[in-house]
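Q: Hi! Could you walk me through this one while I have it open? I'd like to start with a helix and work outwards.

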Amino acid sequence: MEITNSYRLEISNAIAGNLINQNKLQPLTGNSATSADNLSELQFMTEKQYQYLNNENIKKLKSNEIYVHDRQETFDKNNITFLNKTYHVKKILKKIKGVPSAQPNMTHSMIIVVPSKDITNLLGNSFNDLGDKKQIITYKNQLLFDITGTAQQKKNFLKSISRVKNITSEDRYSTMSVLKEFYGGFFFIGLVFSVSFIMATGLIIYYKQISEGRSDQNQFDILQKIGMSHEEVKRTVQSQIIWIFGLPITVAIIHLCFAMPMIHKILQLFGILIGPVVYITTIITIISMIIIYYLIYLKTSKTYYQQVSRKNH
């Protein structure tokens, strides 16, 4: 086994709060504790620790100045208010060397670089969690590193680390396993329901058009006898069926647009941040549905046409 990219890090535990208007952090109280709106987790790091990690000498922060590192890169304010105390954001950090850019819970997360621990001591003494107990801000030492070797060697190494007393260990493999178990079940249920509903809808429309084709057979037969060509029959069939398939898709997209705020809230409850991935997934879903409906439409229109023009073959 070989350890690489190791960093010693002293950072606080995370405190949760409502980040109102991006720059006003308020405690979780009452109903806000169960709401995903504006939920954010903050960790704190001293200026001295930041200089150590980045190996640079920077101008000392004043008592009312801080650095902000937003893992989701959505914070763009010049100041941030903790309860009633406002601090000037001297710099928004793109990254902090040695600090992972992602976190397993996917909640909005920020790291605040403060001049000293006195700032977090004052904040911890006044910041309430759910209104009944204090969120105590304590600092802990972390050792972050990568390891090389086979998958089995890594698992054995992590197991041996977890058995050491007074040490709490976290690793990517365990976290990924938990997330796959949690989200995999929802993905499977969603997949089953999606396929079931698509098949049910497609079959209903298909067989409805077949039954209508049989009832329309005599009318089309008369029209063809008085001079209606096969091409005209085909165009008539296509224009009729395209409405049957086009309207559900159009209405579904309109419904989806109105439902997006609710979908956002549901996703936030699962700790999923609303970003480009959500919108890309939505667009891919819409395109996939259109393609599936189009394939059903081709099959249905072909069968319908064969029925209403059968007497002319």
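**Starting from a helix**

A: Happy to. In helix α1 (residues 47-54), the buried residues are E47, Q49, Y50, L53 and N54. They sit on the same side of α1, because the arc they cover around the axis is only 160 degrees. One thing to keep in mind throughout: this is a predicted model.

Q: Good to know. What covers the buried residues of α1?

A: Strands, among others: the cover includes β1 (2-12), β4, β5 (65-70), β7 (85-93) and β8 (109-114).

Q: And what follows α1?

A: N55 comes next, and its phi is positive, near 55 degrees.

Q: Let's switch to charges. How many salt bridges does the structure hold?

A: There are two salt bridges in the structure. In one, the side chains of E10 and K117 meet, at 3.0 Å from N to O. That pair links distant parts of the chain, with E10 in strand β1 and K117 in helix α2 (residues 117-126), 107 residues apart.

Q: Are E10 and K117 buried, exposed or partly exposed?

A: E10 has 22% relative accessibility, so E10 counts as partly exposed. K117 also counts as partly exposed, because its relative accessibility is 33%.

Q: Which residue does K60 form a salt bridge with?

A: K60 pairs with E47, and their closest N and O atoms are 4.0 Å apart. K60 lies in the loop between α1 and β5 while E47 is in helix α1, so this salt bridge ties together parts that are 13 residues apart in sequence.

Q: E47 was on your list of buried residues in α1. What is the relative accessibility of E47, and of K60?

A: E47 counts as buried because its relative accessibility is 3%. K60 is at 63%, so K60 counts as exposed. In general, side chains of opposite charge can pair when their charged atoms come close.

Q: Nice. Moving to the strands now: is β2 mostly covered or mostly open?

A: Strand β2 (residues 15-20) is mostly covered, with five of its six residues buried.

Q: How many bridges join β2 to β3?

A: Three, and β2 and strand β3 (residues 24-26) run antiparallel. To find the pairing on your screen, look at I20, whose bridge partner in β3 is K24.

Q: What about β2 and β4, parallel or antiparallel?

A: Antiparallel: β2 and strand β4 (residues 39-46) pair over four bridges. A16 is a handy marker, as A16 stands opposite E41 in β4. β4 also came up earlier as part of what covers the buried residues of α1.

Q: Let's look at the surface. Which residues form a nonpolar patch there?

A: F187, L191, V195, M199, L203 and Y207 do, and together they have about 640 Å² of accessible area.

Q: Where is F187 found, and is F187 buried or exposed?

A: F187 is in helix α4 (residues 172-225). Its relative accessibility is 58%, so F187 counts as exposed.

Q: Last topic, the whole chain. How many helices and strands does the chain have?

A: Six helices and eleven strands. The chain has 313 residues, and 33% of them are buried.

Q: What share of the contacts join residues at least 24 apart?

A: 74%, counting contacts between residues at least 6 apart in sequence.

Q: And how much area does the chain expose?

A: About 20200 Å², with carbon and sulfur atoms supplying 60% of it.

Methods
Residues are numbered from 1 along each chain as its sequence is written. This is a predicted model: local features need pLDDT of at least 70, side-chain atom pairs count only at pLDDT 80 or more; totals for chains, interfaces and linings use all residues. Side-chain values use heavy atoms; hydrogens and water are left out. Buried means under 20% relative accessible area, exposed over 50%, partly exposed in between (1.4 Å probe, protein chains only). Helices (H or I, at least four residues) and strands (E, at least two) are DSSP runs, numbered from the N terminus. Two strands pair if DSSP finds at least two bridges between them. Patches are made of residues with over 30% relative accessible area and no salt bridge: like charges are joined within 9 Å, nonpolar side chains (Val, Leu, Ile, Met, Phe, Trp, Tyr) within 5 Å. Accessible areas come from the Shrake-Rupley method with a 1.4 Å probe; for residues, only the protein chains shown count as cover. The arc is that of the directions from the helix axis to the C-beta atoms. Contact means heavy atoms within 4.5 Å.
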